[in-house]
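Trainee: Could you take me through one part of this model slowly? I would like a close look at the aromatic rings, and at whatever helps me place them in the rest of the picture.

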Amino acid sequence: MSRQIINLTVNGDRHEIAVAPNQTLLEVLRDELGLSGTKRGCTSGACGVCTVQQEDGRAVLSCLALAVEWDGRAVTTIEGIAEPGQLHPVQAAFLEYGAVQCGFCTPGLIMTAKALLDTDPTPDEAAINEAMAGAICRCTGHIKVKIAIREAVQQALREREPDAAPT
Amino acid sequence: MQLPSFEYLRPATLREGLDWLSEPGTDTAVVAGGSDLLVNMKLGLVTPKRLVSICDLPGMQDVTEDADGGLRIGAGCKLTDLLQHETVTGNYPALADAIRAVGSQHVRNMGTLGGNLCLPTRCWYTNQSEQWRESRQPCFKTDGELCHVIKSSARCHSLNSSDTAPALIALGASVTLASRDGTRELPVADLYFDDGVDYMTMRPGEILTEIHLPPPTGVSAFIKVAQRNGLDYAAGTIAGWFDGAAARLVLGSIGSHPVSLPKAADLVVAGGLGTKTIDAAADAARADLGEVSNLFSPPGYKRRLARSLVRRVLEQLADLQGGGK
Amino acid sequence: MPRRPDFSAVGHSQPRLDGTDKVTGRSLFTDDVVLPGMLCGRVLRCPLPRARLLNIDTSRAEALPGVKAVVTAQDAAGIWLGINQPLLSPEILNHVGQEVAAVAATDEDTAREALKLIRVDYEPLPELKDMKAALAPGAPLLHAKAKGNIAWEQADDHGDPDAAFAAAHHVRTDHYVTNPTHNCYAEFHVAVADFTRSDKLTVWTPTQSALLFQKSLAAGFKLPDSGVRIMCLNSGGGFTGRTATRPHHFLAALLSRKSGRPVKIRATGDEEFIMCRAGGRVEYRFRSGVDRDGRLKVVDADLLFDTGGYVESQMIVILLTSSYLDALYPVEATRYRGRLVHTNNLPYYFHHGGGLAQFQFAFGQHVNSLALDLGMDPVDFHLLNAVEKGHTTLRGTHYASCGLKECIRKTARQAGWKQKRRRKEPLKGIGIGIGAMASGAKGLFKHDTSAAFIKVGDDGKATLFVGLPDMGQSSHTAMAIIAAEVLGIAPTDITVASGDTDLDPLDVGAFTQRGTFNTGNAVKNASLDARKQIAKTAAAELGVRPSQLKFSHGQITVKNQPDKVMPFAKAVFNTLHSQEGRFVMGRGFYNSPLESGSMAYSFGAQIAEVSVDPDTGVVTVEKVTAAHDVGRAINPRIVEGQIDGQIFSGMSQALFEECVMDDGQVLNPSRLDYKMPRAWEMPEVEHIIVESVDPHGPFGAKEVGEGPIVCTMQAIANAVADAIGEPVTEMPIAPWRVLKILGRRKDVA
């Protein structure tokens, strides 16, 4: 099985990597690039812990993405969503509102939530449920996760229009 | 779970893809999105030696309106993209609702309409790891001579759980199948066999390239019932379409193929969408229903559900009609 | 709520201290551990429910390039799991998926290939599909010592149940079933073992008890406890599923010893369901009697537990369930019989909820039905019957604090119970569940000790060492809050060091809800010890007695002398930078003074509101109102999070979760087909925290780790019964079970 060279941009950094056709994006991120923030869960698309973002901001499952299909493409992982020493507003809200327990599914939940807000900055309850339905979290039972997302939305609104948004 | 080894091919043209697909003895499969195929490969359920990726082929991701008012959708269109297409959501609500019902948003971001139409049938005796399957005698799907689901049966009862297939059948859609010999059009209704092993009528060497929707007429609706809202295979789905002169009702996730309900549809054509007709059609649906799979839930449950689904979709169509649509 | 004492840390919501690492993906879990030369381990499993191993040939696997070790029964001689399971059985195999051999190779592809090259000949033996088959006369015996396939039996009377039944005004009998589940934590089972040195085994793994893992592996490999080092970086959830070692821990170690290289074994896909071994099927029979006034007088319970092919620790479930018969109501007599039955199913361990939440699904419905028999409102029944502070049960359990009636009253008021029951809408239901839960339970060892060290640096910051794992419940942050309260500094001034048995003080572990109570008391004691050392310096410098000092907000002040003050950091600095050079290091431990059982119990009540779709049988939980007496909420938002998670899990088990078994095999071993609800399904949750301030708890705190889940399933079940007119007696309350009842009850829909 011959490897082939792909050009993959991860969090803005360009990598030239030799990958086998049967390697998934998840395996390349974790095993080749050492980016262990993206977690290995069910590896069959049902749990959401391996969620990353593609170029248009949408959430995709790195366990079901063939690395060879990512030649010339760019991916954002949990390691690349905030400036050094800072937290992305979704990360900050998860921390503040108790949406983090064991932390294993947290990177996937945060990437899923960020993908939602990147494509729909003011999601209603149904949109939040729809986006988060691809991920599972037994610890929090999704309750504080949804609160954190709603709070991140409110925070963004306040920052955009400091006077208009209700506090 | 890791993927087994294979060779990955990305053709520059459809012709090249078809050539590769037809090379004898190569065990080549088509991948368009991959969210289902790769899971089955990880389970060792299918082990193609070569994968031909068709999503990036010219036209595969196009949506174009026909001169006659119909719609042509490239098989490689991502499901999420279609949900953002106003013609799809505005003119074909049953299809839009069916697409929304597929998997999770993550899956719809990766999966394609063509992929969902070609969704392999599923069963909890075969969609398992190789080591798991070793505990059982081989069944029809794994080169054996029995079905673990319905032990007395002479065929495989794996379930077709495509959410979009019933909707497209109800809407009267057809597909374009390309092969090295040219292309042919086939109604989506004729795309499936009622058999868990040979579930598609596509011939070896064919690629599903396009879905063709007729001009929008009448009213349409789609309903999915699953235990969980999101990322769950359906316990049952139904799609319905009615334009006053003709009607189609199609159940999904009830057997090895989408099940059309002509008797119930005839009652609607004859009697309209009044309460009495709806009740009669729901009863008639039971008669249309052949053997019902007991996969994932008891057979009695699915039968009861089928009746409720027919009633609900017809009530929804009546509402839409009443709303002046 | 009673007036709160002037706490600076306790009772204030503190985001978890390791939260930043968790939200940035920097937290390391076992699968993130990559050691030099590490090999991939895989396990060969038995395909049959019961078989005799005739022959095993590993020569072709061993010859495969890249394979570094293959182990079979002869490598594992003398290693046992639980009572009767050899790690690798040389002869009889008793369940599908039982470990037969294991390989370690340079990569996963090679390891997988090697498994296929191992040739095993099996002779199939007649299997015991279920408890009925196992208990049938003439059934084959799975274990010679387990006569009649009964692996364990406990039967006892307390009081005089026969007399109590004879005197009862009304007696009712009910039967219930709960089905096998999986704990479904996020992180699959995984272990990395480094046994390259024969005298020291190091194992990285998620765990709820490093101590139990250490002892179990040490016994297996005939090492002293100190010869085993357990490294627990982070655990991706526990839910009672990581309390004991599983075969993969031993197999990774065996493979590492044989290959001379570190080995990682990670569950793949369906293997997770074999390795997990959560709770099995339980069949319950309850018979209870009440007097004319509706007072519960006597309870008789007969329980059958499927324990599968082997017995690990299900005896504990028998102990727990038997002790629950008189836990909530001051009954006169109880009769209990519990039997563990061997079948050729997976060897079962614990459901999330330890068996008690499932027991309460059954018992809570039984009691609800009793109340309805008498024409009583279930809330009134509970208020009439519920235990109170100062009560001692038939088994001698004493409740030094108890807010059960307060929980029942508050949740009923908040949920609008009376009004909603009056205005009953069709296919909508409301139900209540109540519960109690021990904060730690002595019984495994003579002690139930947790210990803690705290070192305070001359910058005024502290490092707290505990052996209590944090599987996500935020116990480490709670411990920091307790230490911070004692020392009068901020929780963020404290680093919690844990997860390495070479460094950690002893702790029995994070199960039986013992963390907050036991380790919390240990941390409090260690912090008091450190404070005493600092107080000595401060008292001398301020010219007062140590007992006059008050530690808060980073300052040491003197009671009633506001001008005398000293920064905490300065006092620590001066303690070290003194002639004696005294380094501040506090130590403390806590061990329950009881011989068995617990010093403190949490109590709770939940009210669930549901609606039922008459066409599909799907139950939607619309709202849960939860009131819990946690003694004192150390970290209120985290307490809420614990309640949330358990409502989720309780609802998930009540309505969705079931390992569907067929010939000893799980038919739905995946996160897709093993159903759990997700974002859409979650109800509105309202929390009511009741603080009864336990006299023995640290700052009055009791457990909140499993108290909520024992209430949820019964509350939902009772609500469903209210909606459809009769109870669903089998869990999960799947749509088809609901529709079956609706089909024969035309009066409801």
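Mentor: What follows is a walk through the aromatic pairs, then two buried residues, and lastly the contact between two chains.

Please keep in mind that this is a predicted model. A pair of aromatic rings is described by the distance of the centres and the angle of the planes. Over all chains, the count comes to 20 aromatic pairs. Let us begin with C:Phe359 and C:Phe363: their ring centres are 5.6 Å apart and their planes meet at 40°, so this pair is tilted. An angle over 60 degrees would have made a pair edge-to-face, and one under 30 degrees would have made it stacked.

Where do C:Phe359 and C:Phe363 lie? Both belong to helix 10 of chain C, which covers residues 356-373, and they are four residues apart, about one turn of the helix. Now for their surroundings: C:Phe359 has a relative accessibility of 0%, so it counts as buried. C:Phe363 is buried as well, because its relative accessible area is 1%.

Now compare that with another pair, C:Tyr399 and C:Phe603. Here the centres are 5.0 Å apart and the angle between the planes is 90°, which makes the pair edge-to-face. C:Tyr399 sits in the loop between helix 11 (378-385) and helix 12 (404-415) of chain C, while C:Phe603 is in strand 26 (residues 601-612) of chain C, so the pair ties together parts that are 204 residues apart in sequence. C:Tyr399 is buried, at a relative accessible area of 1%, and C:Phe603 also counts as buried, at 1% relative accessibility.

Rings can also join up through a chain of pairs. One cluster linked in this way includes C:Tyr176, C:Tyr284, C:Phe286, C:Tyr324, C:Tyr329 and C:Phe381, along with C:Phe359 and C:Phe363.

Next come the two buried residues. C:Val100 is in strand 7 of chain C, residues 99-105, and its relative accessible area of 2% makes it buried. Setting aside neighbours within four places in sequence, C:Val100 is in contact with several residues, among them C:Leu44, C:Cys46, C:Leu53, C:Ile56, C:Leu88 and C:Tyr122. Take C:Leu53 as an example: C:Val100 and C:Leu53 are 47 residues apart in sequence, with 8.9 Å from C-alpha to C-alpha.

C:Thr463 belongs to strand 20 of chain C, residues 462-466. At 17% relative accessibility, C:Thr463 counts as buried, because the cut-off is under 20%. Beyond residues up to four places away in sequence, C:Thr463 touches C:Phe453, C:Ile454, C:Lys455, C:Thr495 and C:Ala497.

Finally, let us turn to where chain B meets chain A. The contact takes 29 residues from chain B and 28 from chain A. Together the two chains bury about 2,400 Å², with 56% of it on carbon and sulfur atoms. Of the area that chain B buries against chain A, B:Tyr8, B:His106 and B:Met110 supply 27%, more than any other three residues.

There are two salt bridges across this interface. In one of them, B:Arg108 pairs with A:Glu130, with the closest N and O atoms 2.8 Å apart. The interface also has 14 residue pairs in polar contact. On the side of chain B that touches chain A, helix 6 of chain B gives the largest share, six residues. That side divides into 12 nonpolar, 12 polar and five charged residues.

Conventions. Residues numbered from 1 in each chain as written. Chains lettered and ligands numbered in written order. Predicted model: local features only at pLDDT ≥ 70, side-chain atom pairs only at ≥ 80, totals over all residues. Heavy atoms only, no water. Contact = heavy atoms within 4.5 Å. Buried area = accessible area lost by both parts, 1.4 Å probe. Salt bridge = Lys/Arg side-chain N within 4 Å of Asp/Glu carboxyl O. Polar contact = N/O pair within 3.5 Å; in protein donor to acceptor, adjacent residues only side chain to side chain. Helix = DSSP H or I, 4+ residues; strand = E, 2+ residues; numbered from the N terminus. Nonpolar A, V, L, I, M, F, W, Y, C, P; charged D, E, K, R; others polar. Phe/Tyr/Trp six-rings, centres within 6.5 Å; stacked < 30°, edge-to-face > 60°. Buried < 20%, exposed > 50% of the residue type's maximum accessible area, 1.4 Å probe, protein only.
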